[in-house]
Amino acid sequence: MIDHHIDTLFDKAKVLAKRAKLPGLAIVVQHKDKQHFCLYGKQSIDTNIPLNKHTVFPISSLTKAMTACLVGILVAQKKLTWDQPVNLILPNFNPRFTLVHLVTHTLGLPPYAMDYLGFLGFSSDEMLNALTHCSQTSAPSEFAYNNLGFVALEKIIETTLNCAFEKALSTFILKPLGMHHSSCGKQAYLQHNNRASPHKRTFNLQGNTPLALSRFPHQLLGAAGINCSIEDMGKWLTFWTHNQHDKLNMTAYEQAYLTRGVIPCTINAKTGHYGGGWLIENHSPYTITRHTGGFPGITSLLLTVKEKQLGIGILCNRSSIIPQKIADKCLQLFIDADYPNTQFAMLSPRALGHYCYSKIPALRKPKSMPTIKGRYYNPIVGDIIITPELTFSIGPLDHQIQLSLFKSNTFKGRFKNRDLQRSLGSMKLKVLAEQAGQAISLRLYSDKMECFMVPEGGRITFTRSDQAEGK
C-alpha cells in the first residue's frame, strides 16, 4: 500500500514537471526505514546529462536548519546557551538580541533587512555591519524573516569553534551523517563535476535557459550557502524523522527544541509557527515541519511528519512552485486527502506572459528632466556615484541603475542587470531636502525592500530645467 502511494506520487510529480517544462527534478521520500528516489530531467539543457542521486544542488534556505542544528550541538556541549546575548560575541549588535532571536527571525527588524547587499557583492562582514545601522520596527519577539540573522550565527559558530564555518559544518554534521557529496560555498559548488545548473524560463515560456552564478549571494553561507545531493538530503531527512540526535552528539531535547515552533508566522503562504530553520504546522494529530529555499534558478524543499516517520526532499534546477505542489500531494496521499493545496495564484503560461509584460515599465525620458550628478557617501554602501546620464552605480560589482522620470522630487529606476531587477525590484531615489541646487538629504529604496537605505547629509548637485527636451 505504501509503495503504491509513492509510485502514485512520483507519477504525479513527473506529470507536473513535464507540464511545467522543468529542466530537472530530484525527489526523495523517506518512510520508516525505506527511502525512495525519483529523478527527472537533466543537470543542464546545455549538456543533456541526466540527473542522478549524487547530482549536487545549492539548497539555499534549507541551509538554515543545518546552521541552527550546529548551534544546537554547541548548546548541548555547553559552549553556547540559547539566551546568550549576541553582543558578547559580536560586540556591535544590540544587547537585547539573543541566539534565540537570531534562530527564530525575531530581531524586531524589517523583513529581509539588508539582505539585498548580498546581491550587490558585499561581504558577510559588511552586511552584518550594515545590519547594525538598521532601525528596529518592533521589539524582539515579532517574526520577520531575515537572512542576515543566520549570517550572524555563522560568525558566532566560527568564533566559538575558532574555525571556518565550512569546516564546522563538515566536522559536526556532514561527516557524522555520511553526507559525502555535500559542501558549502560557491567555489565548492563549482568544483563538483556532477552539479545541477540553475535555469530560468525563456521569455516566451516555452523552454529554459541556463543562468550564470556570478551574482548569486553565496557569501550568505550560514543562511543559504550549502550544496547537497538528493541522496544526502535523504540522510538529513532520516536524522529528523528517526531522532538520530546521538549521531551528532546532541541531546533529544536540543533536537526537539529546534522544531518546537513558538513564533507565529507565515512563509510561502503556509501559516504556522517558526522554530530553528523550520516552519511548523499543527495538523492534528500530526506536526508537519517544512522549509523551502530558492536562488534565482533553483528551488529546494524539505518536509517531515515525525509521527509517521515520513519525510520528503525535493531539489529543482529552476525557480518553480512545483516542489510545493508535490509536497502537498505527498501529504494528501499519506496524511489527509483534504490537506489544502499550496495557496499560490495559478496563471496559465499565456496569462502569466501577459502579466509579466504588463509589469515592465517603459524607460522613457520625460520632456522636463533635471541635470544631476555627483558623489555621495553612505555608511552602509560607501560611495554612490550619479553620472550626468542619470546612471547610478552601487556596490563592489558596480551594478548600475538607469534613473528616469523625475517627478515630485523622485527618480524612478531599473537595474540594468535583469536578474537583479527581478530580485530587488524597481528603485526610487528621492530628494528629501535641497538647498541652492544641491540635494542635502536623499533616500534610495526599492518597492521590494522595506528599507534599501536612508542616507543623510552629503551633496548631490543638480539643476532643474523647465524647457521641454529638444526646444
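In strand β13 (residues 310-316), Leu310 is the bridge partner of His31, a residue of strand β1. Helices and strands here are DSSP runs, numbered from the N terminus: H or I over at least four residues for a helix, E over at least two for a strand. β1 and β13 run antiparallel and are joined by seven bridges; two strands count as paired if DSSP finds at least two bridges between them. This is a predicted model, in which local features need pLDDT of at least 70 and side-chain atom pairs count only at pLDDT 80 or more, while totals for chains, interfaces and linings use all residues. Residues are numbered from 1 along each chain as its sequence is written, and side-chain values use heavy atoms, with hydrogens and water left out.

Stay with β1 (residues 24-31) for a moment, and look at its other partner. Strand β2 (residues 34-41) is also antiparallel to β1, with eight bridges joining them. One of the pairs to look for is Leu25 with Tyr40 of β2. The hairpin of β1 and β2 has two residues between the strands, and Lys32 takes a positive phi near 55° there.

How many of the eight residues of β1 are buried? Eight of the eight are, so the strand is largely enclosed by the rest of the structure. Buried means under 20% relative accessible area, exposed means over 50%, and partly exposed is in between (1.4 Å probe, protein chains only). Gly24, Ala26, Val28 and Gln30 point one way from β1, Leu25, Ile27, Val29 and His31 point the other way, and all are buried.

Now move to the loop between β12 (299-305) and β13, where you'll find Gln309. Gln309 is partly exposed, at a relative accessible area of 27%. In sequence Gln309 and Lys32 are 277 residues apart, but C-alpha to C-alpha they are 5.1 Å apart in space. If you set aside neighbours within four places in sequence, the contacts of Gln309 (heavy atoms within 4.5 Å) are Gln30, His31, Lys32, Thr241 and His242.

On to the nonpolar cores. In soluble globular proteins, nonpolar side chains tend to be buried together. A nonpolar core here is a set of buried Ala, Val, Leu, Ile, Met, Phe, Trp, Tyr and Cys residues joined through side-chain atoms within 4.5 Å. The largest has 93 residues, and Met66, Cys69, Leu120, Ile156, Ile173, Met233 and Trp236 have the most contacts inside it. Helix α2 (residues 63-76) gives the most to this core, with nine residues. Apart from the largest core lies another, of 29 residues, among them Ala13, Tyr286, Leu303 and Ala327.

Helix α2 deserves its own look. Of its 14 residues, 13 are buried, so the helix is largely enclosed by the rest of the structure. The expected span of a helix is 1.5 Å times one less than its number of residues; for α2 that should be 20 Å, and the end C-alpha atoms are indeed 20 Å apart. Just after α2, Lys78 takes a positive phi of about 65°.

What about charged pairs? Side chains of opposite charge can pair when their charged atoms come close. A salt bridge here is a side-chain nitrogen of Lys or Arg within 4 Å of a carboxyl oxygen of Asp or Glu, and a search of the whole structure finds four. One of them joins Lys155 to Asp125, with the closest N and O atoms 3.4 Å apart. Lys155 lies in helix α6 (residues 148-161) and Asp125 in helix α5 (residues 124-131), so the pair ties together parts that are 30 residues apart in sequence. Lys155 is buried at 15% relative accessibility, whereas Asp125 is exposed at 51%.

Lys155 also meets Glu158 in a salt bridge, at 3.9 Å from N to O. These two are three residues apart in α6, about one helical turn, and both are buried. Asp125, Lys155 and Glu158 are thus linked in a network of salt bridges.

Another salt bridge pairs Asp328 with Arg290, their closest N and O atoms lying 3.3 Å apart. This pair links distant parts of the chain, 38 residues apart: Asp328 is in helix α12 (residues 322-334) and Arg290 in strand β11 (residues 286-293). Both residues are buried.

Last, the cysteines. With a disulfide taken as a pair of cysteine sulfur atoms within 2.5 Å, the count comes to zero. Cys184 is buried at 10% relative accessible area, and Cys316 is buried at 0%.
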